[in-house]
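Visitor: Before we go through the terms one by one, may I see the sequence and the model?

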Amino acid sequence: MGRRCAVIGIGQTKYMDRNLAVSHRGLIRDAANKALADAKMTWQDIDCIVIGKAPDTIEGVMMPELYLADALGAQGKPLFRVHTAGSVGGSTAIVGTKMVASGVHDRVLVIGWQKQSESQATWALSPRIPFQPPLTAGAGGFFAPHVRAYIRQSNAPDHIGIKVAYKDRKHALKNPYAHLHQPDLTLEAIKNSPMLWDPIRFGETCPSSDGACAMVIVSEKYADRSASPPAWIHGTAWRSEPTIMAGRDQVNPLGGRECAKDVYRQAGVTNPRKDFDCAEIYVPFSWFEPMWLENLGFAERGEGWKLTDKGATSLDEGGDIPWNCSGGVLSSNPIGASGTIRFAEAAMQVRGTAGEHQVEGAKLALGHAYGGGSQFFAMWVVGSKKP
Amino acid sequence: MRDIAIIAFAQSANKRNEQIYNEAEILAPVAREALQKAGLKKEEIDFTCSGSSDYLAGQPFSFVIALNAIGAWPPIQESHVEADAAWALYECWIAMQADESINTSLVYGFGKQSMGSPRDVMNILNDPYVETPLWCDTISMAALQGRALIDAGLATERDFAAVAARNLKHAKSNPKAQCKGDFTVDELLRSPTLASPLRKHDCPPITDGACVVILAAGDTAKKLCKRPAWIRGIDHRIDVQAIGRRDLTRAPSAQIAAEKAGVGAGKVDIAELHALFTPQDIILRKELGLASDCVINPSGGVHQGNPMMGTGLVRFGEVADRIIRGEANRGVAHATQGPCLQQNMVAVLEGK
């Protein structure tokens, strides 16, 4: 994949319902300033800025990076905008990596962001389009049939979805940036929460957040002399497939399987459950944990829920392959940043900078994002050692 | 750096109002034509990237439906930019530089401006807290830029009209052109102003359309195309947006991009400029350092058709086509977005 590159700086905002203290500018600068400080760099050191977010309808600004050019310190520099639906935060990190891997730039600032409080996401994602049937269900309504199909195919018991939500929210208590901090949350409370889109309960869905996540990605030359620990990028991959196509497996999409195969090959991963120390996976609705466990090859088809059930993915239960130690998308979801956060959290783990939710001695981690109708996939593998 | 070239280009006919087909339907035959020209099957494309705007289509994820025109099965390596498709071409170029297993790329852009009122829609491209409430539409902002040129003694309304007359004359040989014809400067100057000093002929038409470019690397390009249009330099830069903080007679980011792309390293035969308004043509010629013997906008430029979000990519295609056909040896393609030439991309294409 071209030249070696590494992440040497990461910055996140505190994720929350409504960040009324800052404008768009303030939000992205908060994350970017923290990432630059972590990398021990200044704005002048940056060669290129790659920025990603999900639909512009959410903030009501068309291509907002144009007006944010000064806030991004981009005057006279290249500024590049990515938009690949929910996977965009991951795709943005991949584009940033390629800017360095290609030999074109040495020091790239990558930012994923969304300020969801500026509108209502379900509305922004489901407008009435002439000549098309309206989809006023939002993302949850779209994915509920996929989840139902998974439960039917795998015979998974009802409590799995509840357990995932409980586990990720408990993980979130160890992450100061997480949106949802619910120390008193119980399995019972999730079970009794309203059924929004059967079988997805309110307690099993992601929140709607304001937030930004930034990373500094540099070439080997700069990573080698970096004062802060690098997370080396061992592989990146992306895949896309159609939303609707007869015969497409929407529960276990081929695009996700092929994307994983590609990134594992680049990183030399043959047994993901054994080779990875942890993973940050895009799970916006709790049932996607067992679904992606299977899609990403951590479990055989129909067996993913058993890993969740046994606590294999739980940091608190001492699982062998903890997923979403940060609390995941279920605890913070600024859509356009959510993929970037997964990629950044994976990097934090192998840098040993994840604080309270650190997996001890993590050396290799997987970052993952998906979007659209389970049709866009972006992944990277990061390690503490040079590839 | 690997040698990467444009080997094929196709575009739809520029139309003021495409009432029958949606974006994906406009795009599908164009993609077919480009693949045919390149002699490739869609399965032989290693990477795909597109450029479009949700606000133009009036719906989130508008690019998802357009993907159906390309056919993403079995799953493909693909990405999308919320920008003019020239930036999608840049992403393909980067992907091909970063990964030697990517030997071919397909780039597409599409836009149906007729779905809304572009002059109004573009207002929300501005700072939402300070400028959008003032309702500074694109034509008014471009008029301020034209006025700045006149006030600085750098151009006159006659110069603007001459740019329009040249573009519309060139467009006569462009079978895809929406606007074309022979007009004298005096004739054009008799029309009323839309936003002084700009008249209708100074502004881009409203266009529905799509375009596709196919890139190939090294030996693959040579095998597929007799005379590929090699990308010898490509760069893009941005300036701050607020027009009150810029010298509107200049486009510093265009100048940096031109320098980095190496425009000045040789004679430029042709240049296709993404100058939406005629004053921008005058600014760009200077910033890019184009000599007087360089043929500007042989296709008719933006004034023959403006399929927004694809308009910049069309500039690349028009230059490449002329190199592929042997009509030019060295050409410059330019793309822009943001008000008053805020963000600019410049590339040098060569037949050798």
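Visitor: What makes the crossing of helix 1 of chain B and helix 3 of chain B right-handed or left-handed?

Guide: That crossing is right-handed, a name given because the near helix is turned clockwise from the far one by less than a right angle, whereas an anticlockwise turn would be left-handed. This is a predicted model, in which local features need pLDDT of at least 70, side-chain atom pairs count only at pLDDT 80 or more, and totals for chains, interfaces and linings use all residues. Residues are numbered from 1 along each chain as its sequence is written, and chains are lettered from A and ligands numbered from 1 in the order in which they are written.

Visitor: How do you know where these two helices lie, and at what angle they cross?

Guide: Helices (H or I, at least four residues) and strands (E, at least two) are DSSP runs numbered from the N terminus, which places helix 1 of chain B at residues 23-38 and helix 3 of chain B at residues 62-70. Their axes, lines fitted to C-alpha atoms over the stretch in contact, with angles from 0 to 180 degrees between N-to-C directions, come within 8 Å and cross at roughly 35 degrees.

Visitor: Which residues make the contact?

Guide: Among them are B:Leu27 and B:Ala31 of helix 1 and B:Ile65 and B:Ala69 of helix 3, where contact means C-beta atoms, placed from the backbone, within 7 Å. By class, the contact has eight nonpolar, two polar and one charged residues, where Ala, Val, Leu, Ile, Met, Phe, Trp, Tyr, Cys and Pro count as nonpolar, Asp, Glu, Lys and Arg as charged, and the others, Gly among them, as polar.

Visitor: Why is helix 10 of chain A called mostly covered?

Guide: A residue is buried if 20 or more other C-beta atoms lie within 10 Å of its own, exposed if 12 or fewer, and partly exposed in between; eight of the eight residues of this helix (288-295) are buried, so the helix is mostly covered. The buried residues include A:Trp292 and A:Glu294, and what covers them includes helix 4 (138-154) and helix 8 (254-267) of chain A.

Visitor: What makes a set of residues a nonpolar core?

Guide: Its members are buried Ala, Val, Leu, Ile, Met, Phe, Trp, Tyr and Cys residues joined through C-beta atoms within 7 Å. The largest has 258 residues, with B:Leu89 among those touching the most other members, and helix 4 of chain B (residues 85-98) gives the most, twelve residues.

Visitor: How many residues of chain B are in contact with chain A?

Guide: 48 residues of chain B are in contact with 49 residues of chain A, and helix 4 of chain B gives the most to its side, with six residues.

Methods. Two residues are in contact if their C-beta atoms, placed from the backbone, lie within 7 Å.
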